[in-house]
Structures are given as C-alpha cells and as structure tokens.
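Colleague: I'm new to this one, so could you walk me through the ligand site? I'd like a close look at what surrounds the ligand and at the space it takes.

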Amino acid sequence: MRIIKAKDYQDMSRKAANIISAQVIMKPDCVLGLATGSTPVGTYKQLIEWYNKGDVDFGDVTTVNLDEYKGLPRENDQSYYYFMHSNLFDYVNINPERTHLPDGTEPDAEKECARYEELIRSLGGADLQLLGLGHNGHIGFNEPADSFDTVTHCVDLQQRTIEANKRFFASIDDVPKQAYTMGIGTIMMAKKILIIVSGADKAEIVQKAFFGPVTPQVPASILQMHPDVTLVADEAALSKCEV
Ligand code: GLP
C-alpha cells in the first residue's frame, strides 16, 4: 500500500484529485468507481476546477457509485444520486447515461443488487475506485460483520452509521435504515483503489484498518490484501500511525 500524507483536508483533496485526473488522462474511457460522504466533496470540487480550466475531460468516462440508500427517490436531496449530481456530474462534461448508481427506489433488493453487480462486471470492474472510510471501518456501506460480504447486497445500517449520517437529515427518523452497496468482492475487483481520509476522529480507525489484523470486523482492513491501494490521508488522520 502506498501512503500519501497530506497536510490538511484541502491538500488531501488536491492530491486525490491529482490521482483521479491522472487516471482519466491516461485512459479517457476509464471506469471510475465513486464515493459519497463529506470526505470526497473537496476532491470533486478540485476536479470541477481543473475541468473548467480544460485540464481534465470526462467526455468518455463511465462511473459506478459504491452505494445508495434504499427507499430514497433520486430527487431527495439526501440520495446519493442527488449528491453525485450536485457535487460533480452537473458541473463536468460526463455523459449522464454513463453514470451509474444502485437504484434505491427498486424495492426488490435481490433484483436490484443482481442487476448492479452484473453491470459492474460487464464494465470489467472499476479502473480506479475512490473510497471514504466510515468511523467503524466501513467502506461503501459494508458494515463490520462476521464475514466479508462479497457482491452487491442490501444492508441494514448500523446504529453508529445512522447516527453519523443524521446530520444530513431533518431528524434521525428520516435517516434510511437500509442501503444497497457494492460488496467487498465488488470493491476488490477494482484495478486500483484510492482511499481518502481526513480528521483526527478517523485516526484510530485508520490505524486499525491499515496496520491492524485483516478482519470483517474492520471491513476496510481487507484493502491490505489488494495489490494496488493508495491511501491519501491528512496528518490528523495519520496521527496514530507511524508513517
Ligand atoms: C457513508 C458512505 C461511505 C462513506 C462514509 C464516510 O456512510 N456510505 O461511502 O465513505 O460514510 O463518510 P464521511 O466521508 O462523511 O466521513
């Protein structure tokens, strides 16, 4: 694993955006795996800035997002569909038909997860998968469990995740309790993985995930087994690791 230490959130965002633009420049028709949450917002902002300057072109890019809340319509401003449009897609020249997310409005979980997994496989998996890191070590919405979930599946969100995400909703009761997410196997299929982490509140989980034992209790720890992972984290997030 490559570890790139950034000074702060802004520096992390710029370094991550650099890696993503390098991917797009080297392979303009690449498949980018994208993530939501507060961590990648700055990365997307930086990519938009470089797009506006003519430095990066998304015209031939395909995207697959990690996850989506089950039950939220696309127009809901907390859906990941809405997030991706308002933080990236609407501001760059990406073809909306080549942007993919699980469909949270499909009530048949089995059907939707099978469709999404098949779609990713038919695209050959992501060339570069961007990931954030949950406080409990989750990636996508793969929560700590007794075993690693391999393919796209429906998850019951943990109380801690619901609590963490309630800041985005009017009340905790409005936070969806389930989500569709790529599985660990789907994520591991990506040729390259870029995981970004910021803030002292993630320092402990960064240490556990990347320097502790590989265990489904810390889903991100599986990334230690992937042949091409880059962790871009700021000093605060790396403060409990010796790097
Ligand atoms: C969310 C998302 C994850 C994200 C994580 C961390 O629940 N499903 O993909 O990485 O939580 O979020 P944040 O970046 O806001 O800390």
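Modeller: Let's start with a term: a polar contact is a pair of N or O atoms within 3.5 Å; within protein, one must be able to donate a hydrogen and the other to accept it, and residues adjacent in sequence count only if both atoms are side-chain atoms. This is a predicted model, where local features need pLDDT of at least 70, side-chain atom pairs count only at pLDDT 80 or more, and totals for chains, interfaces and linings use all residues. Residues are numbered from 1 along each chain as its sequence is written, and side-chain values use heavy atoms, with hydrogens and water left out.

Now the contacts. A polar backbone atom of G140 lies 3.3 Å from a nitrogen atom of the ligand. From D67, a polar side-chain atom is 2.8 Å from a ligand nitrogen, while an N or O atom in the side chain of S38 is 2.7 Å from a ligand oxygen. On its own the ligand has 390 Å² of accessible area (Shrake-Rupley method, 1.4 Å probe), and the protein covers 95% of that.

Around the ligand there are 14 residues (near means a heavy atom within 4 Å), and S38, T39, D67, F141 and K202 come nearest. That shell has three nonpolar, eight polar and three charged residues, with Gly counted as polar.

The ligand takes up the space of the largest pocket; to sit there, more than half of its atoms must lie within 2 Å of the grid points. A pocket is an open set of points on a 1 Å grid over the protein atoms alone, where a 1.4 Å probe fits, with protein on both sides within 12 Å along at least five of seven lines; lining residues have an atom within 4 Å of a point. This pocket holds about 630 Å³ of space. Its lining has 35 residues, with T36, G37, S38, N165 and R167 nearest the centre. By class, that lining has 13 nonpolar, 16 polar and six charged residues.

Technical notes:
Points joined across faces, edges and corners; volume = space filled by probe spheres on them.
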